[in-house]
Amino acid sequence: MSEPVVRRVRADEWQQVRDLRLRALQDEVAAIAFVDSYEEALARPDAFWQERAARAAAGDAACQVVAVVDGDWVGTVTVLVSSAGRSDDPGNAARGARASLVGVYVDPRHRGTGVVETLLAEAVAWARSLGLDDVRLHVHEDNGRAQAAYRRCGFVLTGKRVEASVGAELEMALA
């Protein structure tokens, strides 16, 4: 197996963006890892995916990073940039601009191979290139595997717990 190529998506790759998201939503932990369902995502029109890919491919408001092995998309993470004072969850207004990592997924065949570490490193590097030091994410309290992966990448629990549509989530920040 080749080493993954980790890079930002391109706007014309909307079909791959859609297909990877649909695969992620079929994962056994998708119900606690993602706020939308497979059925909801499958019903979205092509224009939705085209716009999503275009937003994630350019500019400094969002960036989707993918891991590609031998032409197969095997992982992804999206970085969303919030401006100072904007709240990404109730009662948690950012003091300064913040990068939030969302939509983290690694194909089960590539888990434990370093793909998630490489994806997160690239996502954090992109956020840092914008001058953002505050990098956070939310993880379901029952998703121990994801919590362990994030800890390996330098994230620590902040002590904040948020009730989300998928249940209780814990906030983690890059130390």
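**Aromatic pairs, cores and helix α1 in a predicted model**

At 29% relative accessibility, F48 counts as partly exposed. Its partner in an edge-to-face aromatic pair is W49, with 4.9 Å from centre to centre and 90 degrees between the planes. W49 has a relative accessibility of 0% and therefore counts as buried. The model described here is predicted. The count of aromatic pairs comes to two. The other pair is formed by Y150 and F155, whose ring centres are 6.4 Å apart. The planes of these rings stand at 65 degrees, and the limit for edge-to-face is over 60 degrees, so this pair is edge-to-face. Y150 and F155 are both buried.

Y150 and F155 also appear in the largest nonpolar core, which has 31 residues. Together with V77, L101, L119 and V135, they touch the most other members of this core. At least two residues of the core come from each of β2 (62-69), β3 (72-82), β4 (98-106), α5 (115-129), β5 (135-140), α6 (144-152) and β7 (167-174). The element that gives the most is α5, with eight residues. The contacts of V135 were examined with its neighbours within four places in sequence left aside. On that basis, V135 is in contact with A99, L101, V124, A127, R128, F155, M172, A173 and L174. Apart from this core lies another, of 18 residues, with W14, V17, A53 and Y105 among them.

W14 and V17, named in the core of 18 residues, are also buried residues of helix α1. Helix α1 covers residues 14-25, which is twelve residues. The expected span is 1.5 Å times one less than the number of residues, so α1 should span 16 Å. The C-alpha atoms at its ends are 16 Å apart, in agreement with that value. The buried residues in α1 are W14, V17, R18, L20, R21, L22, A24 and L25. These buried residues pack against α2 (30-33), α3 (38-43) and α4 (46-57), and also against the strands β2, β3 and β4.

W14 lies in α1 and has a relative accessibility of 14%; it counts as buried because this value is under 20%. Leaving aside neighbours within four places in sequence, W14 is in contact with D46, W49, Q50 and A53. W14 and D46 are 32 residues apart along the chain, and their C-alpha atoms are separated by 8.2 Å. W49, another of these contacts of W14, is the buried member of the pair with F48.

E13 is placed in the loop between β1 (5-8) and α1. At 4% relative accessibility, E13 counts as buried. Not counting residues up to four places away in sequence, E13 touches R7 and W73. With R7 there is a polar contact between the two side chains, at 2.6 Å.

The cysteines were examined for disulfides, and the structure holds zero. The cysteine sulfur closest to that of C63 is in C153, at 16 Å. A disulfide needs sulfur atoms within 2.5 Å, so the sulfur atoms of C63 and C153 are too far apart for a bond. C153 is likewise in no disulfide, as its nearest cysteine sulfur is that of C63. C63 counts as buried, with a relative accessibility of 2%.

Methods
Residues are numbered from 1 along each chain as its sequence is written. This is a predicted model: local features need pLDDT of at least 70, side-chain atom pairs count only at pLDDT 80 or more; totals for chains, interfaces and linings use all residues. Side-chain values use heavy atoms; hydrogens and water are left out. Buried means under 20% relative accessible area, exposed over 50%, partly exposed in between (1.4 Å probe, protein chains only). A nonpolar core is a set of buried Ala, Val, Leu, Ile, Met, Phe, Trp, Tyr and Cys residues joined through side-chain atoms within 4.5 Å. Helices (H or I, at least four residues) and strands (E, at least two) are DSSP runs, numbered from the N terminus. Contact means heavy atoms within 4.5 Å. A polar contact is a pair of N or O atoms within 3.5 Å; within protein, one must be able to donate a hydrogen and the other to accept it, and residues adjacent in sequence count only if both atoms are side-chain atoms. Rings of Phe, Tyr and Trp (its six-membered ring) pair if their centres lie within 6.5 Å; planes under 30 degrees apart count as stacked, over 60 as edge-to-face and the rest as tilted.
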